[in-house]
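Open the model in a viewer and keep the selection panel at hand. The stops below say what to select next and what is there.

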Amino acid sequence: MEIRSVGIVGAGQMGNGIAHVFSLSGYDVLLNDVNPEMLGAALATIDRNMERQVGRGKITADEKASAMARIKTSSVLAELGPLDLVIEAATEKEEIKNKIFEGLAPHLGPQTILTSNTSSISITRLASRTDRPEKFMGFHFMNPVPVMQLVELIRGIATDRETYDSLMHVVKTLGKTAANAEDFPAFIVNRILVPMINEAVYTLYEGVGSVKSIDEAMKLGANHPMGPLELADFIGLDTCLAIMNVLHDGLGDSKYRPCPLLSKYVEAGWLGRKTKRGFYDYRGDEPVPTR
Ligand code: NAD
């Protein structure tokens, strides 16, 4: 099935990045969020990020203008019904995602492929709550979407071949590379990455190092481009905690228990860059460690 139009539910950091790459690749995009303010903010972010690409000579000003014109926004979920593909990129909470799929179901055409950008939740379980488990897949983009090359494709137990082939083709048209992951908690990238971040938070919690020394140690000692705490702020501490909870619940191994300090930051609403405070405070000119 040829996909030309894409609906994106959730206009946060992932939703706006996904809209950015799809519109630049010629797809018509309809971006949805329950919070109308997020829609305006997403358009402003996409505009700013594309302008940066124009400045670097990666795209032309004309390509930017046509891509921006292909992105429409709506806070009415039903308007996504006639589109070919829907990508759910809302908050990492299973009940929120289930509600979105329930809200969409009566409006979707029979051919629409339904996907979730979830970082960790079972695709088979999400699919089972929809009217089309065979046309449901995990479609996991990496942050920041315009920069990162990988997309994880996760088939649920019922996903059919045609759906998989269609999404594989979409990934190619975006100029990205697909990796297949089996449907187990957090798939490949986050199964490895997020427990490392959680361990960095334990290292801070136990006083082995400060925010600065932990990040510097991993940058200079393990050649990571970002320190783990800086990366956690970039991902969002609520998302990191949600992924640890899915790993802990889904695999039942105590090695995945979320660090209490990670929970405390989330309880404070210090979620990282998106709320301007996390392991660093981003409200001034330079990020300042908060511990
Ligand atoms: P975010 O907090 O930046 O954005 C989430 C958005 O979802 C918000 O704008 C919120 O208003 C919206 N939302 C909440 N409930 C909604 C509803 N019922 N209908 C429509 N919109 C709704 O989060 P994010 O970092 O963009 O993450 C979104 C998804 O992408 C999560 O599933 C996350 O696990 C996944 N993901 C995140 C990353 C990352 O690095 N942050 C990477 C890959 C995948």
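A crossing is left-handed if the near helix is turned anticlockwise from the far one by less than a right angle, and right-handed if clockwise. Both hands turn up on this tour of a predicted model.

**Stop 1: helix 10 and helix 11**

Select residues 237-251 for helix 10 and residues 260-267 for helix 11. Their axes approach to within 9 Å, and the crossing angle is roughly 135°. Angles over 145 degrees would count as roughly antiparallel, and 65 to 115 as roughly perpendicular. Helix 10 and helix 11 are therefore oblique to each other. Their crossing is left-handed.

Now show side chains at the contact. From helix 10, pick L237, D238, C240 and L241; these meet L262, S263, Y265 and V266 of helix 11. By class, the residues of this contact comprise 6 nonpolar, 1 polar and 1 charged.

**Stop 2: helix 1 and helix 2**

Move to residues 13-24, which make up helix 1, and residues 36-55, which make up helix 2. The axes of helix 1 and helix 2 lie 9 Å apart, at an angle of about 55°. That angle makes helix 1 oblique to helix 2. Which hand does the crossing of helix 1 and helix 2 have? It is right-handed.

Select N16, A19, H20, S23 and L24 on the helix 1 side, then A42, T45, I46, N49, M50 and Q53 on the helix 2 side; these two sets meet. The contact of helix 1 with helix 2 divides into 5 nonpolar residues, 6 polar and no charged.

**Stop 3: M50 and V54 in helix 2**

Stay on helix 2 and centre on M50. Is M50 buried or exposed? Its relative accessible area is 0%, so M50 is buried. Leaving aside residues up to four places away in sequence, M50 touches H20, S23, L24, I59, K64, A67 and M68. H20, S23 and L24 are among the helix 1 residues at the contact with helix 2. For a distance check, draw a line from the C-alpha of M50 to that of D33: the two are 17 residues apart along the chain and 21 Å apart in space.

Next select V54, also placed in helix 2. V54 has a relative accessible area of 21% and is partly exposed; the limit for buried is under 20%. With residues up to four places away in sequence again left out, V54 touches I59, T60, A61 and K64. I59 and K64 also appear in the list of residues that M50 touches. Between V54 and K64 the C-alpha to C-alpha distance is 7.5 Å, at a sequence separation of 10 residues.

**Stop 4: aromatic rings**

The structure holds 9 aromatic pairs. To look at one of them, select F22 and F141: the ring centres are 6.1 Å apart and the planes stand at 65°, so this pair is edge-to-face. F22 belongs to helix 1 and F141 to strand 6 (residues 136-141), and the pair links distant parts of the chain, 119 residues apart. F22 is buried, at a relative accessible area of 0%. F141 is buried too, at 2%. Add Y27 and F139 to the selection to show one aromatic cluster, formed by F22, Y27, F139 and F141.

**Stop 5: a cis peptide bond**

Go on to the loop between strand 6 and strand 7 (150-155), where P144 is found. Select N143 together with P144: the peptide bond from N143 to P144 is cis, with omega near -5°.

**Stop 6: two positive phi values**

Select A186 in the loop between strand 8 (177-181) and helix 7 (189-205). Phi of A186 is near 70°, a positive value in a residue other than glycine. A186 is buried, with a relative accessible area of 0%.

The last selection is N223, in the loop between helix 8 (211-221) and helix 9 (228-235). Its phi is near 60°, again a positive value in a residue other than glycine. Is N223 buried or exposed? N223 counts as exposed, at 69% relative accessibility. With both residues displayed, the two positive-phi sites can be viewed together: A186 is buried, whereas N223 is exposed.

Technical notes. Residues numbered from 1 in each chain as written. Predicted model: local features only at pLDDT ≥ 70, side-chain atom pairs only at ≥ 80, totals over all residues. Heavy atoms only, no water. Axes fitted to C-alpha atoms, helices over the stretch in contact; angles between N-to-C directions. Helix = DSSP H or I, 4+ residues; strand = E, 2+ residues; numbered from the N terminus. Parallel < 35°, antiparallel > 145°, perpendicular 65-115°, else oblique. Contact = heavy atoms within 4.5 Å. Nonpolar A, V, L, I, M, F, W, Y, C, P; charged D, E, K, R; others polar. Phe/Tyr/Trp six-rings, centres within 6.5 Å; stacked < 30°, edge-to-face > 60°. Buried < 20%, exposed > 50% of the residue type's maximum accessible area, 1.4 Å probe, protein only.
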